[in-house]
Amino acid sequence: MKVLELKTIDDTHGLGRRLAGVLRAGDLLLLSGPLGAGKTALTQGIGAGLGVRGDITSPTFVIARVHRPDPARGGRVTLVHADAYRLGESADPRAEIDDLDLDASVDEAVTVVEWGEGMVEQLVDAHLRVRIDRRDDDTRVVTLEPVGGDWAERLTTLD
């Protein structure tokens, strides 16, 4: 487990860019934390680091967005950004996750799911849990928790 303190939103973007450097197709990241903690900001940094097309915005109302790699920006892998926040209100959120067909793209994309704990872990054998909390002074405390695979080893390269 790795715990980082990020003083600014730019630091959150920067962590996302650094994290993108260790990501590869087939990776699943589960982002949790209260509203406004910085989950989408972290994903924006990941998208910038992966060199994907389009602006990364919260997918709360569309549930999932697919951002293809942009060769002009050095893009190398697709980013699937999903938000399960509204699915948690459903009687059967796992069925709604199944309807998104995330399993169809999980092997060839980096998949980032906000509010997905308890709903999407079964998509892969290993994943990274990312918890973001925001203090009153706007400092973000980010906890990176590797679950299986080689995540712990990959996280050693992040400062």
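I take contact to mean heavy atoms within 4.5 Å. The model I am reading is predicted.

**Entry 1: Leu29 and the core**

I looked up Leu29 first. Setting aside neighbours within four places in sequence, I find Leu29 in contact with Leu19, Leu23, Ile46, Val110, Thr111, Val112, Val113, Leu128, Val130 and Trp151. I then asked which members of the largest nonpolar core touch the most other members. They are Leu29, Ile46 and Val130, out of 28 residues in that core. I listed the elements that give two or more residues to this core: strands E1 (2–6), E2, E5 (109–114), E6 and E7, with helices H1, H2 (39–50) and H5. I also noted a second, separate core of eight residues, which includes Leu28, Leu30, Ala82 and Leu123.

**Entry 2: Salt bridges, Arg154 and Asp27**

How many salt bridges does the structure hold? I count seven. I started with the pair Arg154 and Asp27, whose closest N and O atoms are 2.7 Å apart. This pair links distant parts of the chain, 127 residues apart. Arg154 sits in helix H5 (residues 151–155), and Asp27 sits in the loop between helix H1 (9–20) and strand E2 (28–32). Are Arg154 and Asp27 buried or exposed? I find both Arg154 and Asp27 buried. I traced the pair further and found a network of salt bridges that links Arg24, Asp27, Asp150 and Arg154.

**Entry 3: Glu145 and Arg129**

I next checked Glu145 and Arg129, whose side chains form a salt bridge at 3.3 Å, N to O. Glu145 belongs to strand E7 (residues 140–147) and Arg129 to strand E6 (residues 127–134), so this bridge ties together parts that are 16 residues apart in sequence. For burial I use the range between 20% and 50% relative accessible area as partly exposed. Glu145 has 29% relative accessibility and therefore counts as partly exposed. Arg129 comes out at 26%, so Arg129 also counts as partly exposed.

**Entry 4: Arg131 and Asp133**

I looked up one more bridge, Arg131 with Asp133, where the closest N and O atoms are 2.8 Å apart. Why does Arg131 count as partly exposed? I put it down as partly exposed because its relative accessibility is 37%. Asp133 has a relative accessible area of 30%, so I class Asp133 as partly exposed too.

**Entry 5: Cross-check**

I went back over the elements. E6, which holds Arg129, is listed among the elements that give two or more residues to the largest nonpolar core. E7, which holds Glu145, is in that list as well. So is H5, where I placed Arg154.

Key
Residues numbered from 1 in each chain as written. Predicted model: local features only at pLDDT ≥ 70, side-chain atom pairs only at ≥ 80, totals over all residues. Heavy atoms only, no water. Salt bridge = Lys/Arg side-chain N within 4 Å of Asp/Glu carboxyl O. Helix = DSSP H or I, 4+ residues; strand = E, 2+ residues; numbered from the N terminus. Buried < 20%, exposed > 50% of the residue type's maximum accessible area, 1.4 Å probe, protein only. Core = buried A, V, L, I, M, F, W, Y, C linked by side-chain atoms within 4.5 Å.
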